[in-house]
Amino acid sequence: MRLPSLSRSWRFSDRVKLKIIRLASGRPPADILKILHYRREFFGEPFTDWVHQVLRGPSEWSVGERELMAAFVSHLNQCRFCEGSHAAIADVTLGPDVTAAALADWRTAPLRPALRAAFALLEVLTLRPAEVGPEHIEAAYAHGVTEQGVRDVIHVCGIFCTINRIADAVDFAVPDDKGLKGDAYQLLKRGYAIS
């Protein structure tokens, strides 16, 4: 369901920013930007600060690995917008073959053991959260994931289980491949924070 208020209820500074994005890119701003700038103090700023810290802050996971995790959670949740957006970033950082293999079957994809263990945890957290138990965390530890690494995995899952539902609820438009690739380079360059 498209919400009309998301197309016109921004502060003047946000309207200017979105207009500049439209002029610079030659296409309308992505729906995610409209959501994040709509009454940004209630959702956009705190949410993007969290996303930026988790996906770009210090971590044992590379930026590409965290983006691949984001694409994977979005794939499991069948969110085409988020899967495409974050897979495009993973393509740039890890290579399209790794991204495609991980999304097709993480068990056989060319992933390091710790990342494969993270994907196992992400799958349970995303699809069957009531089943998560100490054995899932211990399995990650056994493959070299640290306590902070597990926390990062949990944060990625929380972020994308949230935004996937928002993206699907308000029917985010999915950019074409050129748009996804362009957005990927911009997100790699500037990160996620809007404040």
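## Largest pocket and the α4–α5 contact

The largest pocket holds about 800 Å³ of space. A pocket here is an open set of points on a 1 Å grid over the protein atoms alone, where a 1.4 Å probe fits, with protein on both sides within 12 Å along at least five of seven lines. The volume is the space filled by probe spheres set on the points, which are joined across faces, edges and corners. This is a predicted model, in which local features need pLDDT of at least 70, side-chain atom pairs count only at pLDDT 80 or more, and totals for linings use all residues. Residues are numbered from 1 along each chain, and side-chain values use heavy atoms, without hydrogens and water.

The pocket is lined by 36 residues, each having an atom within 4 Å of a point. Closest to the centre are Leu33, Asp183, Gln186, Leu187 and Arg190. Among the elements giving two or more residues to the lining are α1 (12–25), α2 (31–37) and α9 (147–169); α10 gives the most, nine residues. Helices are DSSP runs (H or I, at least four residues), numbered from the N terminus.

Helix α4 (residues 63–76) packs against α5 at about 150°, with the axes 8 Å apart. Axes are lines fitted to C-alpha atoms over the stretch in contact, and angles run from 0 to 180 degrees between N-to-C directions. The pair is therefore roughly antiparallel (over 145 degrees). Contact means heavy atoms within 4.5 Å; Leu68 and Ala71 are among the α4 residues that meet α5.

| Set | Nonpolar | Polar | Charged |
|---|---|---|---|
| Lining of the largest pocket | 22 residues | eight residues | six residues |
| Contact of α4 with α5 | eight residues | five residues | three residues |

Ala, Val, Leu, Ile, Met, Phe, Trp, Tyr, Cys and Pro count as nonpolar, Asp, Glu, Lys and Arg as charged, and the others, Gly among them, as polar.

How values were computed
Angles under 35 degrees count as roughly parallel, over 145 as roughly antiparallel, 65 to 115 as roughly perpendicular and the rest as oblique.
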